[in-house]
Amino acid sequence: ALPICDRNCQRSHWSSHKVACKKSALALAAALLASSTAAASAAVGEELLVEAAKVPTRGAAGWCHFVIDGRDFLAVANFFTSSPGKQPRMETESTVYSARLGHWPSLELEELQRFRTVGAHGVDHFEHGSRHYL
């Protein structure tokens with residue numbers, strides 16, 4: 001699970017937070033590749049967990065996988081932007097990607113949209129009728 005963050009996240013526990021974000025990205029990739037992993041595991045005879053993609057983030061504090069009309073998407077909530085020698089800023093951009101399985105074991109991500117966020121801690125998907133919301 002990702003650490004619970006407050007406004008001082010980047011100062012108090014950024015190292016452990018960054019590690020948790022990487023683990024979260026790997027878990028998401030594993031979930032999206034579950035059917036391919038099962039097929040490959042049957043062929044090899046063991047469970048596989050492989051790196052499928054690298055997702056560029058800016059202090060990611062939340063991820064959400066969702067499906068619309070059979071297409072997979074990934075929303076990434078970025079908490080802050082940081083550059084060497086500069087004060088971290090909570091005003092940044094979060095991103096939505098389309099996701100599809102590439103040649104095993106790759107996960108192909110295409111950036112669809114960026115939107116301004118300030119200290120985003122998470123993201124969820126829900127639908128009402130035929131409309132989808134983040």
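Guide: Two residues are in contact when heavy atoms of theirs lie within 4.5 Å. By that criterion E108 touches S98, A99, R100, G102 and H103, residues up to four places away in sequence not being counted. The model is predicted, so that local features need pLDDT of at least 70 and side-chain atom pairs count only at pLDDT 80 or more, whereas totals for chains, interfaces and linings use all residues. Residues are numbered from 1 along each chain as its sequence is written, and side-chain values use heavy atoms, with hydrogens and water left out.

Visitor: Which elements make up the chain, and in what order do they run?

Guide: There are three helices and six strands. From the N terminus on, the order is α-α-α-β-β-β-β-β-β. These elements are DSSP runs numbered from the N terminus: H or I over at least four residues for a helix, E over at least two for a strand.

Visitor: What makes the pairing of β3 with β4 count as such?

Guide: Two strands pair if DSSP finds at least two bridges between them. β3 and β4 are joined in the antiparallel sense over eleven bridges, and the number required is at least two, so the pair qualifies. Together β3 and β4 form a hairpin with five residues between them. E93 has R116 as its bridge partner in β4, and V96 has Q113 there.

Visitor: How many bridges join β2 to β3?

Guide: Five bridges join these antiparallel strands. One of the partnerships links D72 to A99 in β3, and another links A75 to V96. V96 thus has a partner in β2's direction through A75 and a partner in β4, Q113.

Visitor: Which strands of the open sheet are called edge strands?

Guide: The sheet holds four strands in the order β1-β2-β3-β4, with antiparallel pairing. β1 and β4 are the edge strands, since each pairs on one side only. From one strand to the next the twist averages 20 degrees; the axes are lines fitted to C-alpha atoms (for helices, over the stretch in contact), and angles run from 0 to 180 degrees between N-to-C directions.

Visitor: Why is T92 called buried?

Guide: Buried means under 20% relative accessible area, exposed over 50%, and partly exposed in between, with a 1.4 Å probe and protein chains only. T92 has a relative accessible area of 7%, and therefore counts as buried. T92 belongs to strand β3, residues 91-101, and its contacts beyond four places in sequence include R58, N78, F80, F115 and R116.

Visitor: What makes the approach of T92 to R58 a polar contact?

Guide: A polar contact is a pair of N or O atoms within 3.5 Å; within protein, one must be able to donate a hydrogen and the other to accept it, and residues adjacent in sequence count only if both atoms are side-chain atoms. The side chains of T92 and R58 make such a contact at 3.3 Å. E108 and R100 are likewise joined through their side chains, at 2.7 Å.

Visitor: Why is E108 described as partly exposed?

Guide: E108 has a relative accessible area of 34%, which is why this residue of strand β4 (residues 107-118) is termed partly exposed. E108 and S98 are ten residues apart in sequence and 8.1 Å apart from C-alpha to C-alpha.

Visitor: Why does D69 count as exposed?

Guide: D69 has 78% relative accessibility and therefore counts as exposed. D69 is found in the loop between β1 and β2. Its phi is near 50 degrees, a positive value in a residue other than glycine.

Visitor: Which residues form the largest nonpolar core?

Guide: A nonpolar core is a set of buried Ala, Val, Leu, Ile, Met, Phe, Trp, Tyr and Cys residues joined through side-chain atoms within 4.5 Å. The largest has nine residues: C64, F66, I68, F73, A75, A77, V96, A120 and V123. β1 (60-68) and β2 (71-78) each supply at least two of them. A second, separate core of six residues includes V55, A60, V76 and Y97. Beyond its neighbours within four places in sequence, C64 is in contact with F73, L74, A75, V123, D124 and H125.

Visitor: How many of the chain's residues are buried, as a percentage?

Guide: Of the 134 residues, 34% are buried.
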